[in-house]
Amino acid sequence: MAPDTPKGKGAQKFKELAEKYTEGAVLVEVYPNSQLYKDKEELEALQLGAVQMLAPSLAKFGPLGVQQFELFDLPYLMADYDDLRKITDGEIGQELLGLLDPKGIKGLAYWDNGFKIMSANSPIESTDDFLGLKMRIQSSKILEAQMLALDAVPQVLPFSEVYQALQTGVVDGTENPPSNMFTQKMHEVQKHATLSNHGYLGYAVIVNKAFWDGLDPAIREQLDRAMEESTIYANSIAREENEWAMAEMMKAGYTTFHELTEDERAEWIARLRPVHDEMASRIGADLIAKAHGVLGIE
């Protein structure tokens, strides 16, 4: 991600606090914009100890064999940030982080980016408008199923390649929170976008477990403190950053934005909610049912 996104600013805040609270005993180096590793390389690098800390998107854990994290990819699961906190700050969120331990990874925190909007070079107001569109997604079976439910053609591409793929027509559209779309200048190569808020994009801040467990307990205590405070900071600015990015994109005038009517939103939900049942065997029917119960989804 770019340094000026909520995640980039959160990483910088962690650096500042970690170095301050450990009185310089710890040095944190931040590498934005895929400078060290591409999407498929970063988790392996963490497990090998080539890098100590990452904040990958939650969709990245499926290929690692922890498909339960793909719960966060389900379309129209969480309606807003209040719903989100019920998951990340509750029992489900902690259970999911615990599943990383056997992989040599320690989960520390959840960082928000925001709720996603759909974009394309043609209007996408009705779900029927997706027919045949090549839509870029992260590597996630849930997101693949989501696009297939819309009769679109899902295309997995690394984040760093999306702008060029949109510019050259390799893909027709994509989904992103506004801050991603704006900071990567995707709005300059997308004529239309719909404020669907259909899904959530967030990150898990993770560390190499052996490295973390090997730290001096007094140092680790200060790093935990720095992580707790930088998490509050990163999540507090995420909504604000997305609102600002949306305003900037509207001002730029490259993209026409469509806000769903109540009837249109009901149509989108009806079209996409069946993905929950379809993916139950992958994520876990009990986990999905538990999340539905927490969120009051019947």
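In this predicted model, the largest nonpolar core comprises 39 residues, and those with the most contacts inside it are F61, F69, L71, F72, L74, M78 and I206. The elements contributing two or more residues to this core include the helices α2, α3, α4 and α5 as well as the strands β2 and β8, together with α12 and α13. The largest share, four residues, is supplied by α13. The residue ranges of these contributing elements are set out below.

| Element | Residues |
|---|---|
| α2 | 39-48 |
| α3 | 81-88 |
| α4 | 91-98 |
| β2 | 105-115 |
| α5 | 141-149 |
| β8 | 200-208 |
| α12 | 280-283 |
| α13 | 285-295 |

Among the residues with the most contacts inside this core is F61, and, when residues up to four places away in sequence are not counted, F61 touches L43, P56, V66, Q67, F69, L100, A204 and I206. Two of these partners, F69 and I206, are themselves named among the residues with the most contacts inside the core. A second core, separate from the one just described, has 38 residues, including W111, F159, L166 and M181.

Turning to the strands, six of them form an open sheet of mixed pairing, in the order β5-β4-β6-β3-β7-β9. The edge strands, each of which pairs on one side only, are β5 (153-156) and β9 (256-258), and from one strand to the next the twist averages 25 degrees. The edge strand β9 runs parallel to β7 (residues 192-194), to which it is joined by three bridges; within this pairing, A193 has F257 in β9 as its bridge partner.

Among the helices, α1 (residues 6-21) packs with α9 (residues 217-252) at an angle of about 155 degrees, and their axes are 8 Å apart. Because angles over 145 degrees count as roughly antiparallel, α1 is described as roughly antiparallel to α9, and the crossing of the two helices is right-handed. On the α1 side the contact is made by P6, K9, G10, K13, F14, L17, A18 and Y21, while the α9 residues that they meet include Q222, L223, R225, A226, M227 and E229, and, further along, S230, Y233, A234, I237, A238 and E241.

Lastly, the loop between α1 and α2 contains K38. This residue, K38, counts as partly exposed because its relative accessibility is 39%. K38 and A109 are 71 residues apart along the chain, and their C-alpha atoms are separated by 22 Å.

Methods
Residues numbered from 1 in each chain as written. Predicted model: local features only at pLDDT ≥ 70, side-chain atom pairs only at ≥ 80, totals over all residues. Heavy atoms only, no water. Pairing = 2+ DSSP bridges. Axes fitted to C-alpha atoms, helices over the stretch in contact; angles between N-to-C directions. Core = buried A, V, L, I, M, F, W, Y, C linked by side-chain atoms within 4.5 Å. Buried < 20%, exposed > 50% of the residue type's maximum accessible area, 1.4 Å probe, protein only. Contact = heavy atoms within 4.5 Å. Parallel < 35°, antiparallel > 145°, perpendicular 65-115°, else oblique. Left-handed = near helix turned anticlockwise from the far one by under 90°.
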